[in-house]
Amino acid sequence: MIEHHVYFAVFGFDDDPDVITRIADRTPDDIWRQGESYSALTPEARRMENRWILASNLDQHASHREHFEALLSKLEALGDNLTALRQRYRCGIGVSHYFFMDDPDFYLPGELMDRYRALSLTLTFDQLGLDASPAAPDA
């Protein structure tokens with residue numbers, strides 16, 4: 001089983017998120033506000049910063065390539081607004097890739113990487129290997 005989440009975020013800003021929405025000329029897929037709870041399940045866990053997010057919005061089990069392609073279409077549609085966001089705010093692409101096997105396959109074709117480079121966005125990756133077996137009890 002593999003889970004993916006791919007998104008573009010403007011983060012660590014003090015402006016009202018509506019300012020970012022106006023610059024982007026697009027409604028975000030999600031907004032995090034500093035101090036708000038992550039979820040009702042853990043009300044004591046609070047967001048540490050503001051974040052304005054465009055996500056791939058694909059099912060978490062879609063392939064990583066499909067996630068990157070869906071996000072790229074959204075970013076390319078921003079046109080010069082993407083440049084304006086990047087000049088004014090701290091922005092980046094977030095990728096969560098959870099896998100439950102020893103040797104995951106992770107490949108993005110050069111043409112897809114080139115399209116991200118054309119937007120002056122660099123892609124770097126960290127992968128989290130999760131052990132699917134239950135932990136052994138402490139002795």
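Visitor: At roughly what angle do the axes of helix α2 and helix α4 cross?
Guide: In this predicted model, the axes of α2 (residues 64–78) and α4 (residues 110–118) come within 11 Å. Helices are DSSP runs of H or I, at least four residues, numbered from the N terminus. Axes are lines fitted to C-alpha atoms over the stretch in contact, with angles from 0 to 180 degrees between N-to-C directions. α2 is therefore roughly parallel to α4, a label for angles under 35 degrees; the crossing angle is roughly 30 degrees.

Visitor: Which residues of α4 make the contact with α2?
Guide: Contact means heavy atoms within 4.5 Å. From α2 come R65, F68, E69, L71, L72, L75 and E76. From α4 come E111, L112, R115 and Y116.

Visitor: Which residue of α4 forms an aromatic pair with F68, and how are the rings arranged?
Guide: Rings of Phe, Tyr and Trp (its six-membered ring) pair if their centres lie within 6.5 Å; planes over 60 degrees apart count as edge-to-face, under 30 as stacked and the rest as tilted. Here the centres are 5.9 Å apart and the planes 80 degrees. F68 lies in α2 and its partner in α4, so the pair ties together parts 48 residues apart in sequence. The partner is Y116, and the pair is edge-to-face.

Visitor: Is F68 buried or exposed?
Guide: Buried means under 20% relative accessible area, exposed over 50%, partly exposed in between (1.4 Å probe, protein chains only). Y116 is buried, and F68 is also buried.

Residues are numbered from 1 along each chain as its sequence is written, and side-chain values use heavy atoms, without hydrogens and water. Local features need pLDDT of at least 70, side-chain atom pairs count only at pLDDT 80 or more, and totals for chains, interfaces and linings use all residues.

Methods. Helix = DSSP H or I, 4+ residues; strand = E, 2+ residues; numbered from the N terminus. Parallel < 35°, antiparallel > 145°, perpendicular 65-115°, else oblique.
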